[in-house]
Amino acid sequence: MSPIILMNDPRVVGIPVRDCGEALVDLRHLPFVHVDDRLADPEGAYAQLREGVTWRLARAARLLPEGLRLLITEGYRPFDLQAKYFEEHRSPAPPEAAPHVAGAAVDITLCTTNGIGLDLGTPVHADPAASDGACRTDADGLSVTARRNRRTLTAALATAGLVNYPEQWWHWSYGDRYWAFVTGAPHAHYGSMP
């Protein structure tokens, strides 16, 4: 297994950004996803993503097996909140390099059409130490059900053009620096939102 390139790797952080200026879209009004409100903020930022990311989620939703839906737990994260998270976790990355502040990243899982979450091995935002590494996308020791559900989620999102951050099975993005690094794009399409 090859080593995981982290988001704070200089090769990722150094990728230039040419923001295309796309607006954020509120996912709570879309029929093809469920939005979990446990991380809701008063402004509703958690339920927003750039338009291009939203289109790709719509495509991924159509690729899921009958009876399944995408369950969004967090999308856009305002800069101040991202800076707070980085401070709490002592992240060496600059907050402006994080894909959530660009509206380019989504924390996502699977649910039934009734909104009941499926088993993907760990909760979204599981701690690496507490989960004994099971939060990594290709973690060993997952149940057959969790592995199958991760493969279903991965197949739909990757086919739709999103990339996964392999440290977190739930973290997917499009158009940010990490996406550019993984796909070989010369620049990111989305930078930090005001």
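**Helix 4 and the loop before it**

In this predicted model, helix 4 has a set of buried residues made up of A146, R147, N149, R150, L153, A156 and L157. What lies over them? The cover for these buried residues includes one other helix segment, helix 2 (51–63), together with strand 4 (68–74), strand 5 (105–112) and strand 7 (171–173).

The length of helix 4 can be checked with a little arithmetic. The helix runs over residues 144–159, which makes 16 residues. The expected span is 1.5 Å times one less than the number of residues, so a span of 22 Å should result for helix 4. The C-alpha atoms at the two ends are 22 Å apart, which agrees with that expectation. Just beyond, helix 4 is followed by G161, a residue with a positive phi near 100 degrees.

Positive phi values also turn up in the loop between strand 5 and helix 4, where H125 is found. Although H125 is a residue other than glycine, its phi is positive, near 70 degrees. Is H125 buried, partly exposed or exposed? With a relative accessible area of 37%, H125 is partly exposed, because that value falls between the 20% limit for buried and the 50% limit for exposed.

D132 belongs to the loop between strand 5 and helix 4 as well. D132 is not a glycine, yet its phi is positive, at about 55 degrees. The relative accessibility of D132 is 73%, so D132 counts as exposed, the cut-off being over 50%.

Definitions and conventions: Residues are numbered from 1 along each chain as its sequence is written. This is a predicted model: local features need pLDDT of at least 70, side-chain atom pairs count only at pLDDT 80 or more; totals for chains, interfaces and linings use all residues. Side-chain values use heavy atoms; hydrogens and water are left out. Helices (H or I, at least four residues) and strands (E, at least two) are DSSP runs, numbered from the N terminus. Buried means under 20% relative accessible area, exposed over 50%, partly exposed in between (1.4 Å probe, protein chains only). Contact means heavy atoms within 4.5 Å.
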